[in-house]
Amino acid sequence: MAEIALSSAVRSNLLALQNTSGFIDRTQNRLSTGLEVSSPIDDAIKFFQAKSLSNRATDLLERKDAIDQGVNALNTALKAADAMEDLVKQMKGVIDQARSGDKTQRTAYKTQLQDLGTQIEKLVNDASYQGLNLINSTGSKLAVRFSDKQDSKLEVNGVNFQISGFFKKEAGTAITHGDASKLLTGGLGFTAAIDSGYSLSKASEAALFNAAADKAINALDKTVSNLRSEAAKMAGNVAILQVRSNFTQEYSNVLESGSAQLTVADLNEEGANLLALQTRQQMGIQALSFAGQSEQAVLGLFR
């Protein structure tokens, strides 16, 4: 069958209709996706610029997640430090009570003090977050990276709050053993057992006991002071991480906004374009109809 020959008028109107239909499809796609540039075909430069910004924002949000986990690790250590301070305060209270207790009561106080020391040790060992414990060893370390730059990071070294490193003598130096049963006679100031080593019925023995109790209280005060100092360092690092987390979130938002400015469609403009294109399509159909009628009129001359 021979090809159908179209007049120039009909062909021109058909091409115009095809172009209009293509524009309508593109506009409808923009309205449905909300994007003016959704692929390199639309605009390769804008597409890859937007993709670069979006990828950068995604990478930063991953860093933010790591920063937030670092905050949680430090907060775990700070919560443990608060609990340890409460236990040390209980120890001070028990020592003050022992000043006026009889032998039987002092035996109970001795056991209570040893138990408090043991609980501090257990608390230290339990203060882990995702396997990281920042208060049981100076060898532990928290490293948080803020970006892909090698030096953009924060490193927090752990501290040793095991019994041998946590409790301080009156002079502020650490005790040298890690046995909770030896805290009193080996580190905190008592030269004899508090339940049997002092005869409080004698004034001289009572004076020795009170002097030893004063040393123990001073040693515990040194312990609390050191605990607060280390906790303050951790709290400062928490503040740094919070600032970086907020900055990273805001920076990511800026990047996403810049990406959107390159690709997002103006829905009001596209809606108006669709209405205009649909009108143009209707006019094109009418024009094609007129062109066909004109050719039919020419054919009528041969009848």
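## Salt bridges, core and rings in a predicted model

The count of salt bridges in this protein comes to ten. The model is a predicted one. Three of these contacts are set out below, with the exposure of each partner.

| Salt bridge | N to O distance | Exposure of the Lys or Arg | Exposure of the Asp or Glu |
|---|---|---|---|
| Lys-89 and Glu-85 | 3.5 Å | Lys-89, 45%, partly exposed | Glu-85, 11%, buried |
| Arg-99 and Asp-96 | 3.1 Å | Arg-99, 25%, partly exposed | Asp-96, 39%, partly exposed |
| Lys-153 and Glu-155 | 3.3 Å | Lys-153, 37%, partly exposed | Glu-155, 40%, partly exposed |

Salt bridges with shared partners also link Glu-85, Lys-89 and Arg-228 into one network.

Take the pair Glu-85 and Lys-89. Both residues belong to helix H2. They are four residues apart, or about one turn of the helix. Is Glu-85 buried or exposed? Glu-85 counts as buried, because its relative accessibility is 11% and the cut-off for buried is under 20%. Lys-89 has a relative accessibility of 45%, so this residue counts as partly exposed.

In the second pair, the side chains of Arg-99 and Asp-96 meet at 3.1 Å, N to O. Arg-99 is partly exposed at 25% relative accessibility. Asp-96 is partly exposed too, with a relative accessible area of 39%.

The third pair joins Lys-153 to Glu-155, with 3.3 Å between the closest N and O atoms. Strand E2 covers residues 153-157. Lys-153 is partly exposed at 37% relative accessibility. Glu-155 is partly exposed, and its relative accessible area is 40%.

### Overall build

Seven helices and two strands make up the secondary structure. Read from the N terminus, the order is α-α-α-β-β-α-α-α-α. The protein has 303 residues, and 34% of them are buried. Its accessible surface comes to about 17100 Å². Carbon and sulfur atoms hold 52% of that surface.

How much of the contact set joins residues 24 or more positions apart? Such residues account for 69% of the contacts with a separation of 6 or more.

### The nonpolar core

The largest nonpolar core holds 54 residues. Which members touch the most others? They are Met-91, Ile-135, Phe-167 and Phe-190. Several elements each supply at least two residues of this core. Among them are helices H2 (44-98), H3 (103-126) and H6 (203-263). Strands E1 (141-145) and E2 (153-157) are on the list as well. So are the helices H4 (163-166) and H5 (183-188). Helix H2 gives the most, with 15 residues.

Ile-135 shows what one of these core members meets. Set aside its neighbours within four places in sequence. Ile-135 then contacts Ala-77, Ala-80 and Met-84, among others. Its partners also include Val-124, Ala-127 and Met-234. The list further includes Val-159, Asn-160, Phe-161 and Gln-162.

Two of those partners turn up again around Glu-230. This residue lies in helix H6. Glu-230 touches Val-159 and Phe-161, not counting residues up to four places away in sequence. Glu-230 counts as buried, because its relative accessibility is 18% and the limit for buried is under 20%.

### Aromatic rings

How many aromatic pairs does the model hold? The count comes to four. One aromatic pair is formed by Phe-47 and Phe-48. Their centres are 5.2 Å apart, and the planes meet at 85°. That angle makes the pair edge-to-face, because planes over 60 degrees apart count as edge-to-face. Phe-48 is partly exposed, with a relative accessible area of 47%.

Phe-161, Phe-166 and Phe-167 form one aromatic cluster. Phe-161 is also a contact of Glu-230. Phe-167 is one of the core members that touch the most others.

A charge also sits over a ring. The charged end of Arg-106 lies over the ring of Phe-209, 6.0 Å from the ring centre. Phe-209 can be placed against Ala-193 as well. Ala-193 is found in the loop between H5 and H6. Ala-193 counts as partly exposed, at 22% relative accessibility. Along the chain, Ala-193 and Phe-209 are 16 residues apart. Their C-alpha atoms are separated by 10.0 Å.

Key:
Residues are numbered from 1 along each chain as its sequence is written. This is a predicted model: local features need pLDDT of at least 70, side-chain atom pairs count only at pLDDT 80 or more; totals for chains, interfaces and linings use all residues. Side-chain values use heavy atoms; hydrogens and water are left out. Buried means under 20% relative accessible area, exposed over 50%, partly exposed in between (1.4 Å probe, protein chains only). Contact means heavy atoms within 4.5 Å. Accessible areas come from the Shrake-Rupley method with a 1.4 Å probe; for residues, only the protein chains shown count as cover. A nonpolar core is a set of buried Ala, Val, Leu, Ile, Met, Phe, Trp, Tyr and Cys residues joined through side-chain atoms within 4.5 Å. A salt bridge is a side-chain nitrogen of Lys or Arg within 4 Å of a carboxyl oxygen of Asp or Glu. Rings of Phe, Tyr and Trp (its six-membered ring) pair if their centres lie within 6.5 Å; planes under 30 degrees apart count as stacked, over 60 as edge-to-face and the rest as tilted. A charge sits over a ring if NZ of Lys or CZ of Arg is within 6 Å of the ring centre and within 35 degrees of the ring normal.
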